[in-house]
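The following exercises concern the architecture of a single protein chain. Each task is followed by a solution in steps.

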Amino acid sequence: MNAPRHGSVLMLLDDAAVAVALLDASCALARLMQRELQLVFVESSAALAAASLPVTRVLVRSAPHWAPLAPEDVERGWRAQAARVRSLAERASARHAVGWSMRVVRGALADEARALRAESDLLLLGAAPARFEPPRQARRTHIVVLDDGSEAGRQAQRVAAQLAQALGARLETRKLATQPATAAQAGEADLLVLPAAALGALPADRPHAPLLLVGAA
């Protein structure tokens with residue numbers, strides 16, 4: 001069942017590794033906005049198609065050689081990753097005292113983001129490399145907000161400022177160029193915050209950095 005419009009913080013990811021980095025930010029944002037966090041784990045159709053090819057091989061971690069990769073191996077990996085995301089979400093949501101839910105879909109990360117965009121005006125898109133450092137390290141989280149001069153851009157700045165304060169993060173504001181947002185604009189950002197209109201400029205496969213899209217679709 002879809003959540004009421006703007007009634008939740010929506011986080012999409014296709015790799016459990018990025019959940020470690022982004023769940024604290026997502027939960028902090030949900031708490032700030034007094035919303036529920038909705039997680040969407042995306043099983044990559046492209047990965048499944050690749051595993052179906054007879055020539056596909058994978059480097060086995062426990063052995064120095066390449067081994068065949070079958071669709072059932074991919075399915076097994078998805079189940080393990082989804083279970084890890086749920087476990088991490090349980091702990092992060094408890095720390096921040098926010099409600100959460102999770103669903104699993106199959107497709108491509110950017111495509112699913114576009115398909116689900118109408119569900120929330122706060123959509124966090126998990127993408128590698130996620131550069132949030134564990135609390136034990138000295139480096140502060142670096143949030144970059146891209147401002148296009150619109151009302152959505154100003155809203156993105158407000159949300160980014162609140163999130164940076166909640167996380168004790170360093171905040172930097174940059175102007176959004178007329179071209180689609182690029183990795184160069186993000187610089188060394190751990191999280192890129194930008195107006196929702198920029199969603200249409202995302203790469204066809206996946207973004208190059210974690211994104212927080214702000215504003216109505």
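A residue is called buried when its relative accessible area is under 20%, exposed when it is over 50%, and partly exposed in between (1.4 Å probe, protein chains only). Helices (H or I, at least four residues) and strands (E, at least two) are DSSP runs, numbered from the N terminus. The model is predicted, so local features need pLDDT of at least 70 and side-chain atom pairs count only at pLDDT 80 or more, while totals for chains, interfaces and linings use all residues. Residues are numbered from 1 along each chain as its sequence is written, and side-chain values use heavy atoms, with hydrogens and water left out.

**Exercise 1. Describe the open sheet, and state which strands stand at its edges.**

Step 1. The secondary structure of the protein chain comes to six helices and ten strands.

Step 2. Two strands pair if DSSP finds at least two bridges between them. Eight strands form an open sheet with mixed pairing, in the order 5-2-1-6-10-9-7-8.

Step 3. Strand 5 (100-107) and strand 8 (170-175) are the edge strands; each has a single partner strand, so one side of each is left without a neighbour in the sheet. From one strand to the next, the twist averages 20°.

**Exercise 2. Trace the pairing of strand 9 with strand 7 and with strand 10, and determine how strand 9 is enclosed.**

Step 1. Strand 7 (residues 142-147) and strand 9 (residues 191-195) run parallel and are joined by three bridges. Ile 143 has Leu 191 as its bridge partner in strand 9, and Val 144 has Leu 192.

Step 2. Strand 9 also runs parallel to strand 10 (residues 211-214), with four bridges between them. Leu 192 has Leu 211 as its bridge partner in strand 10.

Step 3. Strand 9 is largely enclosed by the rest of the structure, because five of its five residues are buried. For the protein chain of 217 residues, 44% count as buried.

**Exercise 3. Locate the buried side of helix 5 and identify what covers it.**

Step 1. The expected span of a helix is 1.5 Å times one less than its number of residues. Helix 5 (residues 151-167) has 17 residues and reaches 24 Å from its first C-alpha to its last, close to the 24 Å expected.

Step 2. Gly 153, Ala 156, Val 159, Ala 160, Leu 163 and Ala 164 are the buried residues of helix 5. They cover an arc of only 135° around the axis, which puts them on the same side of helix 5; the arc is that of the directions from the helix axis to the C-beta atoms. An α-helix has 3.6 residues a turn, so residues three or four places apart point the same way.

Step 3. Contact means heavy atoms within 4.5 Å. The cover over these residues includes helix 1 (16-33), strand 6, strand 7, strand 8, strand 9 and strand 10.

Step 4. Just after helix 5, Gly 168 takes a positive phi of about 65°.

**Exercise 4. Place helix 3 and helix 4 relative to the strands that they lie across.**

Step 1. Axes are lines fitted to C-alpha atoms, for helices over the stretch in contact, and angles run from 0 to 180 degrees between N-to-C directions.

Step 2. Helix 3 (residues 71-96) lies across strand 1 (8-13), strand 2 (36-44) and strand 5, and runs at about 155° to strand 5. Among the buried residues of helix 3 are Trp 78, Leu 88 and His 96. Ala 83, also in helix 3, is partly exposed, with a relative accessible area of 43%.

Step 3. Helix 4 (residues 109-116) lies across strand 1, strand 2, strand 5 and strand 6 (122-125), at about 160° to strand 1.

**Exercise 5. Which side chains does the polar contact of 2.7 Å join, and where do these residues lie?**

Step 1. A polar contact is a pair of N or O atoms within 3.5 Å; within protein, one must be able to donate a hydrogen and the other to accept it, and residues adjacent in sequence count only if both atoms are side-chain atoms.

Step 2. The contact of 2.7 Å joins the side chains of Asp 121 and Arg 35.

Step 3. Arg 35 lies in the loop between helix 1 and strand 2, and Asp 121 in the loop between helix 4 and strand 6. Arg 35 is buried at 17% relative accessible area, and Asp 121 is buried at 8%.

Step 4. The side chain of Arg 35 also reaches the backbone oxygen of Ser 8, at 3.2 Å.
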